[in-house]
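I opened this entry to record what I looked up, in the order I looked. The sequence and structure come before the notes.

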Amino acid sequence: MGSTMEPPRGGYLHLAAVTSPVGTARLLQLAFGCTTFSLVAHRGGFAGVQGTFCLAAWSFCFAFSGLVVACEFMRLHSCLRLSWGNFTAAFAMLATLLTATAAVVYPLYFTRLQCPPEPAGCTARDFRLAASVFAGLLFLTYAAEVALTRARPGQVASYMATVSGLLKIVQAFVACIIFGALVYDSRYERYAATQWCVAVYSLCFLVTVAVVALSVMGHTGGLGCPFDRLVVVYTFVAVLLYLSAAVIWPVFCFDPKYGEPWRPAACPRGRCPWDSQLVVAIFTYVNLLLYTADLAYSQRIRFVPTL
């Protein structure tokens with residue numbers, strides 16, 4: 001009498017999950033990620049908001065990379081109510097942005113060629129230098145995964161693996177930078193026009209996150225309208241909204257009638273509203289370019305929502 005419990009075709013373990021180029025990149029992510037935050041936590045040291053962000057980013061990426069590898073190796077992803085292709089593509093892009101930021105921030109704030117005073121001494125400097133190197137390698141492994149899994153022209157793929165889907169992650173990430181600058185004494189509440197800009201940033205961020213969430217959860221087919229058409233319409237509206245913010249924000253922050261065209265000499269370093277306003281202006285134009293590129297690419301994508 002045969003057993004009623006038969007292993008799935010190909011066995012319970014999926015060896016290609018760790019032997020393929022993408023699998024190799026993910027194993028390197030785990031190795032470099034563990035090494036990086038271990039060096040920092042052990043002797044390298046971190047402090048303040050910048051250090052906490054770097055350690056949190058590395059820990060977050062390590063945890064989710066471990067989850068992805070485990071689910072694919074043991075074929076557990078089919079048990080999750082997720083569009084696995086969308087989830088892994090979205091996470092790889094987000095991890096690329098987080099590790100890229102941490103790879104810049106940590107050396108900038110904590111790594112010096114000179115030895116710090118005792119008791120840290122030269123040992124702490126050596127650990128920080130090593131952590132900076134591994135942080136750069138960690139970023140490269142996530143960037144490699146994005147390059148390997150990105151949809152090629154003419155290829156049928158999940159939405160988040162397309163250029164348009166990857167740009168959605170970047171747009172949301174840039175919006176978070178804008179929000180960080182806004183809450184850091186940007187004085188946006190002085191004029192109704194600058195409050196309009198904040199409303200634009202918030203609306204576009206929320207809709208972009210909703211698009212990513214619907215794709216990752218695999219619910220794009222139940223919207224009553226073709227998802228790709230909705231995405232194109234929204235992206236067009238977002239371009240118009242960001243175009244208005246790209247005109248209004250600089251006028252009401254840097255025009256002599258409303259603000260300061262140049263950085264005030266008496267403005268304290270690190271606590272200057274003009275600096276925050278400049279950051280918002282720069283990343284407003286960055287997101288305008290991203291949404292414009294997204295609109296151009298979204299005209300020709302073909303994706304399968306359930307991949």
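**Surface and overall make-up**

I began with the accessible surface of the protein chain, which comes to about 15900 Å², with 70% of this belonging to carbon and sulfur atoms. Accessible areas come from the Shrake-Rupley method with a 1.4 Å probe, and for residues only the protein chains shown count as cover. I note that this is a predicted model, in which local features need pLDDT of at least 70 and side-chain atom pairs count only at pLDDT 80 or more, while totals for chains, interfaces and linings use all residues. Residues are numbered from 1 along each chain as its sequence is written, and side-chain values use heavy atoms, with hydrogens and water left out.

Next I looked up the secondary structure. The protein chain has nine helices and zero strands. Helices (H or I, at least four residues) and strands (E, at least two) are DSSP runs, numbered from the N terminus. Along the sequence the pattern reads α-α-α-α-α-α-α-α-α.

I then asked what share of the 307 residues in the protein chain is buried. The figure is 41%. Buried means under 20% relative accessible area, exposed over 50%, and partly exposed in between (1.4 Å probe, protein chains only). For contacts (heavy atoms within 4.5 Å), I kept to pairs with a separation of 6 or more: residues 24 or more positions apart account for 77% of them in the protein chain.

**The nonpolar core**

I looked up which residues of the largest nonpolar core touch the most other members. They are Trp-58, Tyr-201, Cys-204, Tyr-242 and Trp-249, out of 72 residues in this core. Helix 2 (21-44), helix 3, helix 4, helix 5 (121-149), helix 6 (163-182), helix 7, helix 8 (227-254) and helix 9 (273-298) each supply at least two residues of this core. Helix 4 gives the largest share, 15 residues. A nonpolar core here is a set of buried Ala, Val, Leu, Ile, Met, Phe, Trp, Tyr and Cys residues joined through side-chain atoms within 4.5 Å.

I took Tyr-201 separately. Not counting residues up to four places away in sequence, Tyr-201 touches Ile-178, Phe-179, Leu-182, Tyr-242, Ala-245, Trp-249, Val-280 and Thr-284.

Trp-249 came up again when I checked Gln-277, a residue of helix 9. Leaving aside neighbours within four places in sequence, Gln-277 is in contact with Ser-186, Arg-187, Arg-190, Trp-249, Cys-253 and Phe-254. Gln-277 counts as buried because its relative accessible area is 5%.

Leu-39 sits in helix 2 and is buried, at a relative accessible area of 16%. Leu-39 and Phe-127 are 88 residues apart in sequence, yet 5.9 Å apart in space, C-alpha to C-alpha.

**Salt bridges and cysteines**

How many salt bridges does a search of the whole structure find? The search finds four, where a salt bridge is a side-chain nitrogen of Lys or Arg within 4 Å of a carboxyl oxygen of Asp or Glu.

One is between the side chains of Arg-26 and Glu-72 (3.0 Å, N to O). The pair links distant parts of the chain, with Arg-26 in helix 2 and Glu-72 in helix 3, 46 residues apart. Both residues, Arg-26 and Glu-72, are buried. A network of salt bridges links Arg-26, Glu-72 and Glu-145.

Lys-168 and Asp-294 also meet through their side chains in a salt bridge (2.4 Å, N to O). Lys-168 lies in helix 6 and Asp-294 in helix 9, so this pair ties together parts 126 residues apart in sequence. Lys-168 and Asp-294 are both buried.

Arg-125 and Asp-126 form a salt bridge as well (3.0 Å, N to O). Asp-126 is partly exposed, with a relative accessible area of 39%.

I also searched for disulfides (a pair of cysteine sulfur atoms within 2.5 Å) and found zero in the whole structure. Cys-61 is buried at 0% relative accessible area, and Cys-71 counts as buried at 7%.

**Two methionines**

Met-217 is in helix 7 (residues 192-217) and is partly exposed, at 38% relative accessible area. Not counting residues up to four places away in sequence, Met-217 touches Arg-81, Leu-82 and Ser-83. The C-alpha atoms of Met-217 and Arg-81 are separated by 6.7 Å, with their positions 136 residues apart along the chain.

Met-74 is in the loop between helix 3 (48-73) and helix 4 (84-110), and is partly exposed at 41%.
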